[in-house]
Amino acid sequence: MSEMEAVTKKLELTRHQVSSMPPSTIYIPDFITPEEEEQLLNKIRTAPLPRWAQLSRRRLQTWPSSLSSSNTLLAAPLPAWLHDPIIPRLESQTGIFMDSPHGAPNHVLINEYAPGQGIMPHEDGAAYHPVVATVSLGAAIVLDIYQKRETGEREIEPTYRILQEPRSLLITTDEMYTKHLHGIQEITADRDLGPKTISNWDLLGHQIAFTDGQNERQVRTSLTYRDVLKVSKLGSKMKIFGNR
Ligand SMILES: O=C(O)CCC(=O)C(=O)O
């Protein structure tokens, strides 16, 4: 990509910046089409059962594999259905992985939340380059963002609330990645939704769906794309074992 193209892309992206948040949060509604959403959900549903890890409050698939205890990913390509259309579109529309060590995401977590399920506030940690691209499928959900105090503890109440519509893309980078925690409440409906409480309200693609201020939860699936910093090739792994 030429320097000019990179500057143009950055400018285009500012349209999708969540203005009430630090300039490191981007929200793009309708990033994928309903047909693409259905194809992805179909692939996820038909994945072999052992692919799912049943956690206490959600289900999880990890592609291409889980990281080792030293946060290392064994080099392997993502399956084609997780690559296309999302990765080329991330590249052409956002360029956000342009400066990451591998120039593209190499790891995807698939989280599935039934109504009443969620994920405790947490940080994504040092295993990844500090960029996360989340594509939402199936239904809307509110992601809560908590500021981290100097002491490392999080604020009790979320500082920001982001409403993620199905088919949307949320990108968090920099300060949002390093100085905040994120989580999803274990509730059956997101309430009190509106311009004053939802940070990306003006950027929503289908605001009208939430004008009563509520989102009754349905099964929502997320794909989180990241670039794992440490990648080991099988060959070098065998060498390590061979040297033992
Ligand atoms: O489902 C989501 O949007 C959040 C997932 C998440 O927090 C994570 O994968 O670390």
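This briefing walks through the ligand site, the nonpolar cores and a few backbone oddities of the structure above.

Heads-up: this is a predicted model, where local features need pLDDT of at least 70, side-chain atom pairs count only at pLDDT 80 or more, and totals for chains, interfaces and linings use all residues. Residues are numbered from 1 along each chain as its sequence is written, and side-chain values use heavy atoms, with hydrogens and water left out. The ligand has 14 residues around it, and the protein buries 94% of the 290 Å² that the ligand exposes when taken alone. The largest nonpolar core has 28 residues.

**Ligand site**

- Tyr-113, His-122, His-182, Arg-220 and Ser-222 are the closest of the 14 surrounding residues (a residue is near a molecule if one of its heavy atoms lies within 4 Å of it).
- Tyr-113 puts a polar side-chain atom 2.7 Å from a ligand oxygen, and His-122 does so at 2.8 Å.
- Arg-226 also has a polar side-chain atom by a ligand oxygen, at 3.1 Å.
- The buried share of the ligand, 94% of 290 Å², rests on accessible areas from the Shrake-Rupley method with a 1.4 Å probe; for residues, only the protein chains shown count as cover.
- Two or more shell residues each come from β5 (107–113), β6 (119–122), β11 (180–184) and β14 (220–226); helices (H or I, at least four residues) and strands (E, at least two) are DSSP runs, numbered from the N terminus.
- β14 gives the most to the shell, with 4 residues.
- By class, the shell splits into 4 nonpolar, 7 polar and 3 charged residues. Here Ala, Val, Leu, Ile, Met, Phe, Trp, Tyr, Cys and Pro count as nonpolar, Asp, Glu, Lys and Arg as charged, and the others, Gly among them, as polar.

**Thr-224, on strand β14**

- Thr-224 sits in β14 and counts as buried because its relative accessibility is 7% (buried means under 20% relative accessible area, exposed over 50%, partly exposed in between, with a 1.4 Å probe and protein chains only).
- The side chains of Thr-224 and Arg-226 share a polar contact of 3.1 Å. That term means a pair of N or O atoms within 3.5 Å; within protein, one must be able to donate a hydrogen and the other to accept it, and residues adjacent in sequence count only if both atoms are side-chain atoms.
- Beyond its neighbours within four places in sequence, Thr-224 is in contact (heavy atoms within 4.5 Å) with His-107, Val-108, Leu-109, Val-132, Ala-133 and Thr-134.

**Nonpolar cores**

- Inside the 28-residue core, Ile-86 and Leu-223 have the most contacts. A nonpolar core is a set of buried Ala, Val, Leu, Ile, Met, Phe, Trp, Tyr and Cys residues joined through side-chain atoms within 4.5 Å.
- Elements that each supply at least two residues of this core include α2 (34–45), α4 (86–93), β5, β7 (131–137) and β14.
- β7 provides the largest share of this core, 4 residues.
- Leaving aside neighbours within four places in sequence, Leu-223 is in contact with residues including Leu-40, Ile-86, Val-108, Ala-133 and Val-135.
- Another core lies apart from it, with 22 residues, among them Val-18, Ile-119, Tyr-160 and Leu-193.
- Val-135 belongs to β7, and is buried because its relative accessible area is 1%.
- The C-alpha atoms of Val-135 and Pro-29 are 9.7 Å apart, although the two residues are 106 residues apart along the chain.

**Backbone oddities**

- Most residues other than glycine have a negative phi, and most peptide bonds are trans.
- The Trp-63 to Pro-64 peptide bond is cis, with omega near -5 degrees; Pro-64 lies in the loop between β3 (58–63) and β4 (72–74).
- Asp-84 and Pro-85 are also joined by a cis peptide bond, with omega about 5 degrees, and Pro-85 lies in the loop between α3 and α4.
- Asp-174, in helix α5 (residues 174–178), has a positive phi of about 45 degrees without being a glycine. Asp-174 is partly exposed, at 49% relative accessible area.
- Asp-192 has a positive phi too, near 60 degrees. Asp-192 is in the loop between β12 (189–190) and β13 (215–216), and counts as exposed at 53% relative accessibility.

**Asn-215, on strand β13**

- Asn-215 is found in β13, and is buried at 8% relative accessible area.
- The Asn-215 side chain reaches the backbone oxygen of Ala-140 at 3.0 Å.
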